[in-house]
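Work through the exercises below with the sequence and the 3D view open. Try each task before you read its solution.

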Amino acid sequence: MPQSNDVLIQGSKLPVSNGDDAVSRTTFDQVMVPNYAPGKMIPVRGFGSRVWDQSGNEYVDFAGGIAVSALGHAHPELVSVLTQQAKQLWHLSNVLTNEPALRLARLLVDNTFADKVFFANSGAEANEAAFKLARRHASLNFGSEKNEIIACLNGFHGRTLFTVSVGGQEKYTEGFGPIPQGITHIPYNDLESLKAAISDKTCAVVVEPIQGEGGVLPATRDFMKGVRALCDEYQALMILDEIQTGMGRTGELYAYMHYGIYPDVLTTAKALGGGFPIAAMLTRDQFAASLSVGSHGSTYGGNPLGCAVAEAVFNIVNTPEFLSGVRLRQEMMLDALERINRQYSVFKEIRGRGLLIGGELVEGLRGQSKLLLQKALDEHLMILVAGPDVMRLAPALNIPEEDIQVGMTRLSAAIGAMLREIE
Ligand SMILES: *Cc1c(COP(=O)(O)O)cnc(C)c1O
């Protein structure tokens with residue numbers, strides 16, 4: 001495997017490791033709550049779509065921090081904006097507003113369906129705001145009986161109690177009850193089920209344009225148009241959770257732009273800050289009005305550091321050249337995956353949009369996505385899974401062509417190793 005002890009960044013050679021031998025994967029088990037099971041290697045540095053671990057091993061990053069690091073690691077412009085802002089102003093609280101937040105909100109409003117923005121720190125918090133807005137809007141305008149939220153089975157909306165309850169995976173609410181009530185789940189892409197479930201009591205229907213955690217499943221055009229029409233008919237808010245699909249991930253700024261519809265509320269996080277924690281809920285004037293002074297809030301939401309970085313990410317991503325670059329990279333990735341699949345026949349379907357790509361494993365390999373992830377790490381490639389049967393790739397949107405090629409060679413080797421182990 002290629003090893004590199006030094007890497008050239010902006011003209012200076014920096015040591016790869018922090019040299020802190022005092023912490024290792026064993027430390028994790030000693031001091032961390034066991035809700036994660038991280039891999040053995042501990043990354044210490046990244047640049048672009050490459051990452052280095054404590055021993056100086058170099059990895060190609062096809063994971064992008066789960067669709068977060070939209071511009072790769074340590075993007076010089078983001079580093080510069082963050083350090084500039086760090087020298088100027090970190091935090092104020094929402095007792096006062098700040099310039100980066102206002103500039104970012106202006107960008108989001110000018111370039112989407114939205115009129116108004118609420119800032120939060122994470123995807124779950126943005127969704128929490130969206131669901132609270134839907135309930136409050138319905139309650140203030142139609143009465144408290146109109147409080148039901150319809151969501152999709154296998155959906156994912158975050159890990160707060162409200163958002164796991166709206167998410168359609170029972171394993172994530174197990175043992176955490178009593179959970180919030182008034183939530184119904186329908187099969188994804190099933191308009192007939194939605195017709196049967198929706199009523200005058202429905203305050204919102206929430207949909208991911210591509211179910212990310214649920215297996216990289218894109219919504220059909222008919223489903224999205226149907227949700228829009230039914231929400232209009234029943235005066236329910238159409239909430240799009242674009243936390244994973246937003247900020248250029250699918251080759252458009254937001255995925256709704258592929259479908260010819262507008263949502264009433266949209267949540268965005270992950271790639272929005274390119275790795276700096278920030279999230280936003282976007283909505284229209286008539287709904288925003290329901291979140292009057294004091295009705296909702298956040299200590300850090302809209303802080304100058306996050307907003308300054310997100311503004312820089314936004315300005316880089318939201319150009320026709322950048323977005324067509326995403327579509328070009330999608331083609332390269334799909335071509336390479338299809339070539340690999342002709343050799344190994346491991347995927348029964350390769351799907352997704354832009355640089356959110358899923359490869360569903362064939363029947364004989366059901367449940368093996370984690371093994372593939374492990375084998376990829378052994379080959380110095382970072383990938384993701386979306387459930388037990390789907391490999392997920394969500395690299396940086398500016399990943400260099402060379403890194404795609406090197407990564408795909410390593411993926412091919414990882415697949416070979418997986419097949420040898422299973423035999
Ligand atoms: C990641 C994700 C979330 C949760 O975001 P956090 O920042 O982890 O709270 C919610 N919805 C979707 C679609 C996601 O992909």
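**Exercise 1. An unusual phi**

Task: Find His380 and say where it sits, what sign its phi has, and whether it is buried or exposed.

Solution. Keep in mind that this is a predicted model.
- Step 1: place the residue. His380 is in the loop between helix 12 (369–378) and strand 17 (381–382).
- Step 2: read the backbone angle. Phi of His380 is positive, about 65°, although the residue is not a glycine.
- Step 3: recall the usual case. Most residues other than glycine have a negative phi.
- Step 4: check the cover. The relative accessibility of His380 is 9%. The cut-off for buried is under 20%, so His380 counts as buried.

**Exercise 2. A second case, and a cis bond**

Task: Describe Ala67 in the same way, then locate the cis peptide bond from Gly177 to Pro178.

Solution.
- Step 1: Ala67 belongs to helix 2, residues 64–67.
- Step 2: its phi is near 65°, a positive value in a residue other than glycine.
- Step 3: Ala67 has a relative accessible area of 0%, so it is buried.
- Step 4: turn to the bond from Gly177 to Pro178. Its omega is near 0°, and the bond is cis.
- Step 5: Pro178 lies in the loop between helix 6 and strand 8 (183–186).
- Step 6: compare with the general pattern. Most peptide bonds are trans.

**Exercise 3. Two annotated residues**

Task: UniProt, in an unreviewed entry, places the feature "binding site" at Arg159 and Ser298. Which of these residues is in the lining of the second largest pocket? Then describe the surroundings of each residue.

Solution.
- Step 1: the lining of the second largest pocket includes Ser298.
- Step 2: place Arg159. It is in the loop between strand 7 (148–152) and helix 6 (161–166).
- Step 3: judge its exposure. Arg159 has a relative accessible area of 55%, so it is exposed, the cut-off being over 50%.
- Step 4: list its contacts. Beyond four places in sequence, Arg159 touches Ala124, Val164 and Tyr172.
- Step 5: place Ser298. It is in the loop between helix 9 (285–288) and helix 10 (304–317).
- Step 6: judge its exposure. Ser298 has a relative accessibility of 18%, so it counts as buried.
- Step 7: list its contacts. With neighbours within four places left aside, Ser298 meets Asn94, Phe118, Phe119, Asn121 and Glu125.
- Step 8: look at Asn121 again. Its side chain and that of Ser298 are joined by a polar contact of 3.5 Å.

**Exercise 4. A spread-out annotation**

Task: The UniProt annotation "binding site" (unreviewed entry) also covers Gly123, Ala124, Phe156, Asp241, Glu242, Ile243, Gln244 and Thr299. Work out why they do not all gather at one spot.

Solution.
- Step 1: these residues span 177 residues in sequence.
- Step 2: the farthest two C-alpha atoms are 24.8 Å apart, so the residues do not all gather at one spot.
- Step 3: among them, Thr299 is in the lining of the largest cavity.
- Step 4: take Ala124, in helix 5 (residues 123–142). It is buried, at 15% relative accessible area. Its contacts beyond four places in sequence are His157, Gly158, Arg159, Thr160 and Thr163.
- Step 5: take Asp241, in strand 12 (residues 237–241). It is buried, at 4% relative accessible area.
- Step 6: find the partners of Asp241. Beyond four places in sequence, they include Asn127, Phe156, Val206 and Thr267.
- Step 7: add the polar partner. The side chains of Asp241 and His157 make a polar contact at 2.8 Å.

**Exercise 5. The residue Thr220**

Task: Describe where Thr220 is and what it touches.

Solution.
- Step 1: Thr220 is in the loop between strand 11 (217–218) and helix 8 (221–234).
- Step 2: its relative accessible area is 37%, so Thr220 is partly exposed.
- Step 3: beyond four places in sequence, Thr220 touches Asn189 and Tyr259.
- Step 4: its side chain reaches the backbone nitrogen of Phe223 at 3.1 Å.

**Exercise 6. The whole chain**

Task: How many helices and strands does the chain have? Is the chain as compact as a globular protein of its length, or less so?

Solution.
- Step 1: the chain has 13 helices and 19 strands.
- Step 2: the radius of gyration is 22 Å, close to the 22 Å that the globule rule gives for 423 residues, so the chain is as compact as a globular protein of that length.
- Step 3: buried residues make up 52% of the 423 residues.

Definitions and conventions. Residues numbered from 1 in each chain as written. Predicted model: local features only at pLDDT ≥ 70, side-chain atom pairs only at ≥ 80, totals over all residues. Heavy atoms only, no water. UniProt positions renumbered as here; feature names shortened; annotations may be inferred. 1 Å grid on protein atoms, 1.4 Å probe; cavity = no way out; pocket = protein on both sides within 12 Å on 5 of 7 lines; lining within 4 Å. Helix = DSSP H or I, 4+ residues; strand = E, 2+ residues; numbered from the N terminus. Buried < 20%, exposed > 50% of the residue type's maximum accessible area, 1.4 Å probe, protein only. Contact = heavy atoms within 4.5 Å. Polar contact = N/O pair within 3.5 Å; in protein donor to acceptor, adjacent residues only side chain to side chain. Rg over C-alpha atoms; globule rule 2.2 N^0.38 Å.
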